[in-house]
Amino acid sequence: MKRVVVTGQGTINALGIDVASTIQAMSESRCAIGQMEFTDINRLNIRIGGQIKNFDPKEYFERQELSLYDRFTQFAVFAAREAILQSGLIFEGELSHYSGVILGTAGGGLQTQDESYRAVYQEGKNRVHPFIVPRLMNNAAVSHVSMANNLKGPSFTVSTACASSNHAIGQAFHLVRSGAAQVMITGGSESMLCFGGIKAWEGLRVMSHDGCRPFCATRNGMVQGEGAAIFVFEEYEHARARGALILAEISGFAMTSDAADIVMPSIGGARRAILAALKDAKMNPEEIGYINAHGTGTVANDKTETSAIKEVFKGHAKNLMVSSTKSMHGHLIGGTGAVELIACIAALKDGMIAPTVGYEKADPNCDLDIIPNHARDKKVSAVMSNAFAFGGLNAVIALRSI
Amino acid sequence: MTNAVQDKVIKIIAEQAMLDTSEVSIDMLIEDIGLDSLGLVEAIFSIEEYFEIDIPFNANDPAASEFDVSKIKTIINAIEELVSAKVN
C-alpha cells in the first residue's frame, strides 16, 4: 500500500478567504458567526450564520464562468486554485490521467434552486436561466475543478449530509493508497445560506438563534456556515521525488453506519468509526493528541460524541485535546469536514490547537478538554477528525505529522 | 422600432461574445464572433427576457429551429417578427 500525503490546501470560509487568514483567525480564537444577509431573511426566525461577506466573485471569475457556477462551485474552484498552486503540480500528460477530484456537498447548487423556485413560484415567471441544471447538479463543483485543472482521472461527488467531506476525503485517500490514482484533489464545499436552505433547517428545531457553543452547558443548537476547503493528496514517493512541501500524512480512515435513527446519533456507531480509523492508521489511542470533534452544539451530538471518545480512549481521554471549530466558522454541512481538516493540519504542522469559542459553563456530560475560548500552542504528532452525519453515517480520518 | 430591436439584439450578442458592439455586424455568422452553443443559448435567453417573448429555438439541433440561428441577420428578423406579433 502507498503512503498518502497532503501537499496543498486551500479554503474560503467565514473566517478567511485563504488558509493563512483562516489559521490566523483560529489562533486568535475569533468567531465569524454573525447576522446573515440575503433575500427574505426577515421571514426567518434564525438569522445568524457563518456567512462569507468579503468575497466578490466578479473579481475571480469570468462572466461565462459565473453563468455556470453556483456559489458552492465558486467556493470549490476558488479554494482549489490555492491548494493546487501551493502543491506546485501542473496536470499534464500521464499525471493528468492518474489524477482526479472527489468532493463532498450536501446541498449542491441550492442557491440556484432557491433563486429559480422564487422566480417561477413567487414571481410567477415562466422562464428560467438556461443553465439551471448544470449549475445546480451536485457534481458541478467536481466537474468545474476537473475542467479548470485538467484532472482526467476518477472524479465524483459524495453526498452524506454532514459527513460528505470526510467521506469524500476518505475515497480520495483510498484511491491514492491503492495506487489507482497518483494525485487526488479532495475536500468539500457548501452554500446553503439562503431563505429555503435556512427555512428547512429551522423546521427541524435544531438551530440556535444566538450562537454555536459546542460542549457547553448552555448550548442550544447548531449554526450554519458556508464555504469550501480543498486539498491535494499525493502519493508519498511522488511528492518526495519532486521535493514537494509535505503538510501532513493521511494515515487512516474508517466509516460506519448506525443503522438506527435518521437524525439521532449513536454512541456505538461513532465509537466503531473512531476505533476502526485508529486500526487502519496502525495507531495506539495514546498517540492521538488532538481531535477535531464533530461538535455541532446540539444537546444530542455533543453528549454522544463525548461518550464515544471516552469509550475509545479510556484513561487517555482526559489528556486529549478536543475542540469544535464550528463555534468559529459555523457548520458547513457537506463542506465542514474539509474546513476542519485545515485545523487538524495546523495542529500537526504549527502546534496551533484551535479552540472551541463561546464556551460559558461546564456540562458534566461533556467533560473533555475542549480548549475553551482560547487557542493553545502545543505540539502534537497525531490527530483525528470526526464527522457524524444525519442518517447515522460516520466518517473518521486519522493524520500524522511527517 | 426595427432599429431599436436590431441594436439591442446586437448589443446582447456582442456582450455574450465579449466583443464591442462595433465589432459585430448584421452580416456576420454566429460562429464568426466566437459564440459557442452555450453562449448562443444564453444570448437567446437574454433576448427573451428583454423583449418578453418566447423564441422557438432548439438547442439540441439548432438547425431544426423555426429560423436560421447561424446568422445574426436571420436572428434579428425572427425577433422583429416576434416582437411585432406581440405588439399587435
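What share of the contacts in chain A with a separation of 6 or more comes from residues 24 or more positions apart? The share is 81%, where a contact means two residues whose C-beta atoms, placed from the backbone, lie within 7 Å.

## Before you start

What you have here is a predicted model, in which local features need pLDDT of at least 70, side-chain atom pairs count only at pLDDT 80 or more, and totals for chains, interfaces and linings use all residues. Residues are numbered from 1 along each chain as its sequence is written, while chains are lettered from A and ligands numbered from 1 in the order in which they are written.

As for confidence, pLDDT is the predictor's own score for each residue, from 0 to 100. Chain A has a mean pLDDT of 97, with 100% of its residues at 70 or more. Chain B averages 89, and 98% of its residues score at least 70. For the complex, the predictor gives an ipTM of 0.76 and a pTM of 0.94.

## Chain A at a glance

Chain A comes to 14 helices and 14 strands. These elements are DSSP runs numbered from the N terminus: helices are H or I with at least four residues, strands are E with at least two. Among the elements of chain A, helix α2 (residues 63-68) has the lowest mean pLDDT, 93, and strand β7 (residues 227-235) the highest, 99.

The C-alpha atoms of chain A fill a box of roughly 65 × 55 × 40 Å along the principal axes. The radius of gyration of chain A is 20 Å, which agrees with the value near 21 Å for a compact globule of 402 residues. That radius is taken over C-alpha atoms, and the globule rule is 2.2 Å times the number of residues to the power 0.38. Of the 402 residues of chain A, 58% count as buried. Buried means that 20 or more other C-beta atoms lie within 10 Å of the residue's own, exposed means 12 or fewer, and partly exposed is in between, with C-beta atoms placed from the backbone.

## Two helix crossings in chain A

Let's take helix α5 (residues 110-122) and helix α9 (residues 195-204) of chain A, whose axes come within 8 Å and cross at roughly 100°. That makes α5(A) roughly perpendicular to α9(A). The axes are lines fitted to C-alpha atoms, for helices over the stretch in contact, and angles run from 0 to 180 degrees between N-to-C directions. Angles under 35 degrees count as roughly parallel, over 145 as roughly antiparallel, 65 to 115 as roughly perpendicular and the rest as oblique. From α5(A), the contact uses A:L110, A:D114 and A:Y117; from α9(A), A:F195, A:G196 and A:G197. By class, that is three nonpolar, two polar and one charged residues. Ala, Val, Leu, Ile, Met, Phe, Trp, Tyr, Cys and Pro count as nonpolar, Asp, Glu, Lys and Arg as charged, and the others, Gly among them, as polar.

Next come helix α1 (residues 19-27) and helix α14 (residues 336-350) of chain A, with axes that come within 11 Å and cross at roughly 75°. This pair, α1(A) and α14(A), is roughly perpendicular too. Here A:V19, A:T22, A:I23 and A:M26 in α1(A) meet A:I342, A:A343 and A:A346 in α14(A). The residues of this contact divide into six nonpolar, one polar and no charged.

## Residues to look at

A:R205 and A:I333 each have a positive phi without being a glycine, about 60° for A:R205 and about 50° for A:I333. A:R205 lies in the loop between α9 and β7 of chain A and is exposed, with 8 other C-beta atoms within 10 Å. A:I333, in the loop between α13 (326-329) and α14 of chain A, is buried, with 29 other C-beta atoms within 10 Å.

A:Q35 sits in strand β2 (residues 34-35) of chain A and is exposed, with 9 other C-beta atoms within 10 Å. Leaving aside neighbours within four places in sequence, A:Q35 is in contact with A:R47 and A:I48.

## Chain B and where the chains touch

Chain B has three helices and zero strands. Its radius of gyration is 12 Å, close to the 12 Å that the globule rule gives for 88 residues, so chain B is as compact as a globular protein of that length. The C-alpha atoms of chain B fill a box of roughly 35 × 30 × 20 Å along the principal axes. Of the 88 residues of chain B, 27% count as buried.

Four residues of chain A are in contact with five residues of chain B. The chain A side of this contact has one nonpolar, two polar and one charged residues.
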